[in-house]
Amino acid sequence: MKLTRRNFLAWAGLSAIGAVACDVIQDDELSVQSPRSLPEDLVKGRDNWYATLGRNATDGEGVIVRVMEGRAKKIQGNPKYPVNMGKQSPRSEAGLQALYHPDRIEGPMLRTGPRGSGQYRSIQWEPEALDILKRELAARGNGMVLITEPLRGHLGMIAERFATSVGGRHLCFDSMDDTTYRAAVNGVFGESCLPDFDLANANYVISFGADFLSTWGSSTRLATAYGEFRQGSERQAGGSRGYLVHVDPRFSMTAANADEWLPITPGMEGYLALSLAYVIISEGYQAEGVDVNALTGGQGAAALAAFAPENIASQLGIPEQLHEEKTAAEKIRDLANNFAHHGPSIALGGGSAGAHTNGQFNLMAIYALNYLVGSVGSNGGLRFNPGAPLDSLPATASVGSMADWSKVASEIRGGNTRLVMVHEANPVHGLPASLGFENTLNRDDLFIVSFSSFMDETTVMADLILPDRVFLEDWGDDIPDPGPGYPAMGIQQPVVNPLSDLDPRSFGDLLLSVAQEMGQEEALPWASVEAALKQTTETLFAYGRGTSRDAGSAGELWNLMLQQGGWWDESATGPTPSAPAGLLNTIAAQGGQPSFAGSGDFYLQPFLHNSLLDGRNAHIPWMQGLPDPVTTVAWQTWVELNSHTAEAMGLREGDIVSVTTGSGSIRGVLYPNPALPPRVVAVPLGQGRRSGSDYATGGDARESSNALDLLSAAHLTENGGLAWAGHMAQVAPTGESLKIAKFEGIFPARQIGHTPGEAVILVTDH
Amino acid sequence: MQEGRVLSTREMNRDLLRSILDTPRWFWPVVTVLGLVLLIAAIAIGIMVNRGLGVTGLNRPVAWGFFITNFVFWIGISHAGVMLSAILRLAKAEWRRPATRAAEVLTLFSLMTAMIMPIVHTGRPWRILYWVFPYDFARGIWPNIRTPLVWDPSAILTYLTSSTLFVIIALIPDFAVLRDHTTGIAHRVYSVLAMGWEGNARQWKLQIVAGVLLSALILPVFVSVHSIVSWDFGMAASVKSWHSTVFAPYFVVGAVHSGVSAVAFALILLRWCYGWQDYIRHEHIDALGRLLIVVATGWFYFLVMEILFGMYGREPDELMVRQTQFTYWPYNAWFIVFVITTYFIPVILWLSRAWRRNLWIMSIACISVNIGMWLERFLIIVPGLINKQLFTFVWADYRPSIFEIIIVAATFALVTMLMLLFSRVFPLVPLYDVKEGDVLKTQVQIGRRTVPATFRED
Amino acid sequence: MVTSRIDHKWGMVVDLDRCNGCQACVVACQVENNLPINDKNAFLQNRAYEWIRIERYWEGDYPNIKARFIPILCQHCENAPCEPVCPVFATYRNDEGLNVQLYNRCVGTRYCINNCPYQVRFFNYWHPNWPERLQNQLNPDVTVRTRGITEKCTFCIQRLRRGQLQVERRNGGELGDSTLRAGNHMPACVQACPTNALTFGDQNDAQSPIKPYFDDVNRYNIHHESERQTRGYRMLEDMNTKPNVIYLKKVDPNKGSSGGHHG
Ligand SMILES: Nc1nc2c(c(=O)[nH]1)N[C@H]1C(S)=C(S)[C@@H](COP(=O)(O)OP(=O)(O)OC[C@H]3O[C@@H](n4cnc5c(=O)[nH]c(N)nc54)[C@H](O)[C@@H]3O)O[C@H]1N2
Ligand code: SF4
Ligand code: SF4
Ligand code: SF4
Ligand code: SF4
Ligand code: SF4
């Protein structure tokens with residue numbers, strides 16, 4: 001077509017009309033469209049949130065559980081629960097996978113093969129399983145031992161009374177027992193409950209060996225307080241920021257977060273603490289009103305003269321490169337000065353500091369520091385918990401020490417104990433192999449009952465397995481220890497029913513019904529745990545304080561307790577202890593250096609795994625798949641050595657190394673850690689499970705081993721606790737290597753250029 | 001004078017149609033072997049689609065690997081056809097004649113092969129329609145025209161269409177010859193394809209004009225295709241070593257480099273397979289070699305600039321990528337191999353006239369270029385992703401899995417197989433073009449050299 | 001259905017000085033959002049899924065060494081590099097400031113993964129696999145992603161939606177920050193974080209605790225960083241991706257000295 005003027009005008013007209021027409025068409029019909037809604041917009045169904053207790057954490061966490069159509073969907077912190085105040089530990093969610101775990105024991109089972117073979121046949125609860133249980137209790141009850149997880153409150157009471165009533169005893173099991181810590185708290189403060197630390201209001205904290213930002217103590221509560229300690233809203237306004245010093249032979253998570261980390265020779269924590277005390281007293285740094293004479297039996301600084309920094313600094317192993325321009329003694333003096341003058345201050349200790357032959361001395365020396373700076377019972381200091389709301393309820397769990405377990409073992413071997421009952425405890429895995437507990441259980445004249453929901457190393461030894469409900473299906477309660485500083489009792493309620501293919505029975509209810517059939521109504525009169533809880537509610541209502549004030553009747557109180565997750569009385573406070581006379585000189589007089597089991601070039605530092613703990617969460621895929629925060633390793637047992645040390649030994653990441661002590665040897669995958677002291681080898685607990693779910697037992701002995709196998713059951717603290725931090729070990733290459741299963745990429749990550757996570761220099765003036 | 005014998009039309013027909021009219025003994029065994037390789041790859045793809053891309057070695061952060069490398073490689077190869085046919089046709093370079101058909105067909109087949117790569121590389125290849133064709137207007141599902149991944153198929157399909165036309169136009173006179181040499185079904189098929197070609201003056205004129213027009217039109221497409229492919233990388237603002245404005249020309253020149261080398265090698269191979277010594281002659285290969293020196297040096301300039309600019313800017317992110325390429329095993333080894341094989345081996349070989357005319361040496365040089373150019377794409381794509389940002393915490397490595405290796409290897413089998421099959425049905429050396437050159441062969445003295453006169457249509 | 005909704009612009013503030021690296025946020029997110037289980041191979045093959053991850057960076061050498069923990073999740077960039085490269089609009093910006101991912105449309109080109117500078121996009125290399133009984137725990141509000149597609153943090157959009165519906169049902173009102181804080185509608189990671197290192201809120205809500213940080217960082221852009229009143233900054237700020245996540249710098253009183261005490 002030729003372009004004539006006519007044509008041109010026609011086309012121009014047409015395009016003008018087109019343009020107008022397009023303009024009239026809806027805007028969004030022309031524009032590139034993108035959907036505005038996601039499938040997630042379509043939220044259907046109704047959900048309910050129930051308050052109950054979480055049992056997978058080290059501390060008693062109150063949780064709320066989202067339930068939809070009879071299925072639990074999410075566990076999260078209960079905002080009303082005084083311990084964790086709506087927050088949760090990474091372990092908390094494990095309960096959900098325990099509930100719906102493919103490897104749950106489906107119903108009662110009786111052993112058919114040889115002990116330990118894992119061959120069982122299913123039986124019925126009624127009458128077979130219960131008859132066997134009653135028969136064995138009647139025949140062997142005398143001298144029996146009931147081993148449970150640390151139990152407090154009603155379940156603790158029921159277990160205790162049950163064991164006594166059949167002529168046996170109840171002992172709680174925790175592989176890293178707190179015997180020594182409790183003894184120290186008792187010795188320094190005269191209290192049986194553990195203290196709560198008011199980090200939120202503290203300005204200066206020295207922590208000795210207590211990895212409280214990972215697994216130690218009431219870690220969720222302490223983490224929340226830690227957040228406030230760093231950047232609480234008042235602090236931000238005032239410009240003051242809490243300062244954390246962590247003293248630890250191992251680069252733990254708490255060390256990683258500390259403003260200052262002081263690597264120390266293992267076991268010398270008490271020396272350092274007394275040295276600080278010496279400086280404080282000799283320089284007169286103590287808080288106003290502190291009676292130094294009373295604390296030192298009238299001797300003043302002289303009582304601690306042996307611990308003067310100049311005398312002991314060289315023994316502490318504080319690296320010279322740390323703050324190079326000062327000598328070790330000057331560093332100690334600075335630390336004492338800051339600790340005393342930037343209060344409120346807290347000295348806290350535990351974990352590895354207490355797990356030495358001189359562990360009790362260490363911890364007592366550490367906690368005694370709090371008296372010198374006036375932080376016992378004060379704001380920003382240590383607060384003590386009152387006991388249980390009701391006298392009849394145990395507020396602390398009677399956790400067995402290593403000495404207790406040796407005794408249990410010898411009683412079994414001696415034939416005095418012929419019945420062992422275990423509930424949610426795995427001593428075969430959790431006690432040092434050198435105790436030979438597995439062998440001990442492997443006796444024909446022994447009858448073993450397990451109430452576990454999962455197969456594990458102890459349950460596989462059992463003659464009779466009576467699976468319990470998991471905590472989301474069952475009633476229970478807890479008295480938090482350490483508590484929030486006021487009396488509290490958490491209620492655990494069933495939020496879902498067991499799935500139809502499962503046939504578990506409540507452990508508490510079972511104990512009650514069996515006891516009653518055996519004629520023990522007097523000690524254990526309740527029809528069920530729920531009934532016991534309801535009865536307690538009536539008593540609590542009668543008290544008329546705390547939560548009871550918000551309810552018009554006992555029934556209302558019950559409902560309220562179920563709604564908010566328990567009962568508490570915020571207005572009540574715990575005791576404020578005063579120092580026993582001559583505390584410091586008594587401690588100083590005890591002062592002994594730690595002794596080490598075995599020999600080798602390295603100090604062995606085992607530690608609780610951040611998500612698996614000692615292995616009790618090892619069957620939970622989420623927990624296995626959660627990288628360790630520092631090394632980022634998952635699913636494997638790793639061995640940490642200082643990077644330079646490893647290099648000098650010709651070792652590289654992923655090499656399989658053996659770690660050997662006088663008591664045993666394990667293998668693990670090497671993780672060169674640039675932050676570990678050169679003479680330390682650190683190995684997490686948690687792996688090395690041999691029986692149970694595939695998630696727990698996956699991986700061969702090169703990458704999954706139990707660090708407890710390295711410990712000597714005879715190496716004890718002053719009060720019979722296991723001195724697990726006091727072993728020497730040898731590390732040797734095996735020539736093999738594996739790819740390490742870690743989340744971090746191929747390089748030890750360091751920030752380059754403009755950094756993803758910048759730090760700012762802030763000069764604070766406390 | 002042009003090297004080689006003077007051949008009669010009959011001889012030419014006999015020689016050049018040999019591949020079609022009789023089957024060499026090696027033909028079916030080779031095709032069977034190639035078929036087997038393809039079958040294995042098809043199974044591998046089946047498994048991969050069925051089970052997921054987990055069977056590859058891809059990971060976080062290396063989300064693109066062998067497949068995309070191979071995609072860029074084959075797109076690169078595809079540039080040779082147009083480079084030779086169009087540019088040389090427009091420039092009236094006489095020596096192009098026997099090379100054009102093979103080059104064009106290689107373009108087609110490598111383009112098709114290249115297109116397979118991004119498809120199998122996606123997580124849900126069956127949904128690719130969403131992306132390539134905006135088929136679902138009613139629901140307002142449009143492709144996102146901001147992404148190079150939408151420009152890619154547009155450019156490639158345009159290129160594919162135009163090169164197909166280009167090939168067909170050039171084939172018409174040859175179809176007619178085939179029509180006249182066959183009987184039965186083949187005759188009927190060739191008759192249809194020949195579209196009534198009689199070889200009269202009007203038809204010749206139309207055919208020649210169409211060829212020239214298409215040559216001119218296809219050139220911008222050819223430049224744009226590889227530019228756009230380079231933008232898959234250049235537009236990725238977050239991958240520091242990809243986000244570079246120089247990528248378009250750099251990739252285009254690189255494509256020509258690898259493509260022309262591939263064509264040269266293909267010609268040597270065909271000459272050997274079908275005994276076309278009289279048509280694909282040393283002088284042709286020599287000419288390609290000379291051309292390649294220029295292309296290679298141009299490409300090398302871009303390579304040096306690219307590295308120099310990155311280093312000169314001293315951006316930590318980019319420096320880390322260079323560090324990976326230069327110092328981390330095995331990338332450092334691959335890097336050395338890449339530089340030597342892409343530039344130093346071939347260019348040194350091409351510098352000598354005698355070596356340019358030695359077919360063995362030429363083969364080695366051309367294969368060397370293509371090994372190097374494959375590595376070049378790999379070294380751009382993978383190290384750039386390994387440490388694309390400062391989050392050193394996530395830096396990981398990449399090793400291709402056996403699935404990726406099989407599928408990539410099979411693409412070479414696929415192109416070879418398609419070329420072979422094509423040669424069975426259509427002449428791979430354009431009969432009419434060669435004849436035309438022969439007819440117009442006169443000798444012209446330029447300086448000290450005797451060169452063929454160029455063909456002028458009028 | 002959604003009538004009187006105010007314009008939200010969600011945002012998060014991450015206080016690096018509070019975060020202790022505990023990983024509670026990581027599991028909480030995995031549980032809430034039906035993330036596939038990270039088995040050992042996921043780590044061996046570098047394919048582990050963590051919509052929020054804790055990166056650990058070493059700083060210095062023994063004994064003056066620090067480990068810095070940095071939670072990294074999708075930054076919900078205003079100017080998201082992942083969006084323009086997606087051929088099918090599977091990832092786009094919604095009108096509440098979220099970078100959302102439409103799993104159903106994604107064809108799995110992984111271009112967005114390459115173009116996300118924060119590396120927070122995850123490709124489903126395998127079909128996700130839960131033992132049958134474990135499937136009871138899956139969150140019905142969240143799509144389970146199939147193999148071959150890309151997924152990432154959504155700011156827990158399902159919780160925002162549920163919150164919105166509840167508030168609308170109750171009073172036809174808006175979903176203000178107070179409702180979010182009081183209820184369960186904050187993202188799972190924020191809810192879990194024991195140190196309160198993560199704060200979620202609405203930048204359009206004058207009462208929101210995140211607001212001052214956003215105002216500050218917006219007021220003083222990267223060229224005037226030193227004038228900022230807070231510790232706030234945006235990650236890779238020079239890329240101008242304009243994240244809706246702001247980080248507050250870690251405070252290190254000893255930075256610059258050889259590790260000793262500041263006092
Ligand atoms: N009219 C006008 N003139 C101006 C200015 C103006 O504003 N207006 N501004 C002036 C200023 S401020 C400047 S800085 C100069 C800029 O002038 P030039 O420095 O010339 O900048 P460009 O042309 O943008 O880029 C130079 C070349 O680098 C190539 N290149 C880009 N990225 C890479 C890479 O990664 N590797 C390699 N090898 N090459 C790459 C580009 O393709 C381009 O060919 O212009 C100046 N001139
Ligand atoms: S130069 Fe900067 S502004 Fe321009 S397109 Fe690239 S990223 Fe965007
Ligand atoms: S952080 Fe990455 S995925 Fe998230 S919006 Fe920004 S570019 Fe996209
Ligand atoms: S992987 Fe999915 S979301 Fe990402 S760019 Fe490709 S299609 Fe889009
Ligand atoms: S906002 Fe939700 S989806 Fe995003 S990281 Fe947090 S929990 Fe995961
Ligand atoms: S939960 Fe909080 S403190 Fe723990 S790692 Fe995540 S952001 Fe940090």
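In this predicted model, Trp242(B) has a relative accessibility of 0% and therefore counts as buried, since the limit for that class is under 20%. Its aromatic partner is Phe233(B), and the two rings meet edge-to-face, with 4.8 Å from centre to centre and 85° between the planes. Phe233(B) is buried as well, at 1% relative accessibility.

This pair belongs to a wider set, for a search of the whole structure finds 70 aromatic pairs over all chains. Another of them joins Tyr181(A) and Tyr367(A), whose rings are tilted at 35° between the planes and lie 5.8 Å apart, centre to centre. Tyr181(A) lies in helix H6 (residues 179–189) of chain A and Tyr367(A) in helix H14 (residues 359–372) of that chain, so the pair ties together parts that are 186 residues apart in sequence. Both tyrosines are buried.

From these pairs the reader may turn to the nonpolar cores. The largest nonpolar core has 274 residues, and the members that touch the most others are Phe251(A), Met12(C) and Tyr247(C). The element that gives the most to this core is helix H16 (residues 359–386) of chain B, with 16 residues. The surroundings of Phe251(A) show contacts with two chains: apart from neighbours within four places in sequence, Phe251(A) is in contact with Ala256(A), Trp261(A), Val630(A), Ala675(A) and Leu676(A), and also with Trp58(C), Ile65(C), Lys66(C) and Ala67(C). A second core, separate from the largest, has 81 residues, including Ile206(A), Phe212(A), Ile264(A) and Ile346(A).

Within chain A, helix H4 (residues 125–140) offers an example of a helix with buried residues, among them Trp125(A), Leu130(A), Leu137(A) and, of another kind, Glu136(A) and Arg140(A). What lies over these buried positions? The cover of the buried residues of H4(A) includes strand S4 (109–111), helix H5 (153–165), strand S14 (419–423), strand S15 (447–450), strand S16 (464–465) and helix H18 of chain A.

A loop of chain A can also hold a buried residue. Val495(A) is placed in the loop between strand S18 (488–492) and helix H18 (507–517), and its relative accessible area of 9% makes it buried. Beyond residues up to four places away in sequence, Val495(A) touches Tyr50(A), Thr52(A), Val65(A), Val67(A) and Leu472(A). By contrast, Glu283(A) stands 59 Å from Val495(A), C-alpha to C-alpha, and 212 residues from it in sequence.

The next topic is chain C. This chain has 7 helices and 11 strands, and 72% of its 263 residues count as buried. Among its contacts with a separation of 6 or more, 64% are between residues 24 or more positions apart. One buried residue here is Asn20(C), at 2% relative accessibility, which is found in the loop between strand S1 (10–15) and helix H1 (24–32) of chain C. Which residues does Asn20(C) contact, leaving aside its neighbours within four places in sequence? They are Leu213(A), Ala223(A), Tyr226(A), Met253(A) and Asn257(A) from chain A, together with Phe69(C) and Thr195(C) from chain C.

Residues of chain C also surround ligands. Around ligand 6 there are 13 residues, of which Cys19(C), Cys22(C), Cys25(C), Cys193(C) and Thr195(C) come nearest. By class, this shell has 9 nonpolar, 4 polar and no charged residues. Thr195(C) thus appears both near ligand 6 and in contact with Asn20(C).

The shell of ligand 5 includes Cys29(C), Cys153(C), Cys156(C) and Cys189(C), as well as Trp51(C) and Phe155(C). It divides into 10 nonpolar, 2 polar and no charged residues. Of these cysteines, Cys156(C) is buried, with a relative accessible area of 6%. Ligand 4 has residues such as Cys86(C), Cys106(C), Cys112(C) and Arg110(C) around it, and its shell consists of 7 nonpolar, 4 polar and 1 charged.

The last topic is the bonding of cysteines. A disulfide is a covalent bond between the sulfur atoms of two cysteines. How many disulfides does the structure hold over all chains? There are 0. Cys172(A) illustrates this: the nearest cysteine sulfur, that of Cys193(A), is 14 Å away, whereas a disulfide requires sulfur atoms within 2.5 Å. Cys172(A) is moreover buried, at 0% relative accessibility.

Conventions:
Residues are numbered from 1 along each chain as its sequence is written. Chains are lettered from A and ligands numbered from 1 in the order in which they are written. This is a predicted model: local features need pLDDT of at least 70, side-chain atom pairs count only at pLDDT 80 or more; totals for chains, interfaces and linings use all residues. Side-chain values use heavy atoms; hydrogens and water are left out. A residue is near a molecule or strand if one of its heavy atoms lies within 4 Å of it. Ala, Val, Leu, Ile, Met, Phe, Trp, Tyr, Cys and Pro count as nonpolar, Asp, Glu, Lys and Arg as charged, and the others, Gly among them, as polar. A nonpolar core is a set of buried Ala, Val, Leu, Ile, Met, Phe, Trp, Tyr and Cys residues joined through side-chain atoms within 4.5 Å. Buried means under 20% relative accessible area, exposed over 50%, partly exposed in between (1.4 Å probe, protein chains only). Helices (H or I, at least four residues) and strands (E, at least two) are DSSP runs, numbered from the N terminus. Contact means heavy atoms within 4.5 Å. Rings of Phe, Tyr and Trp (its six-membered ring) pair if their centres lie within 6.5 Å; planes under 30 degrees apart count as stacked, over 60 as edge-to-face and the rest as tilted.
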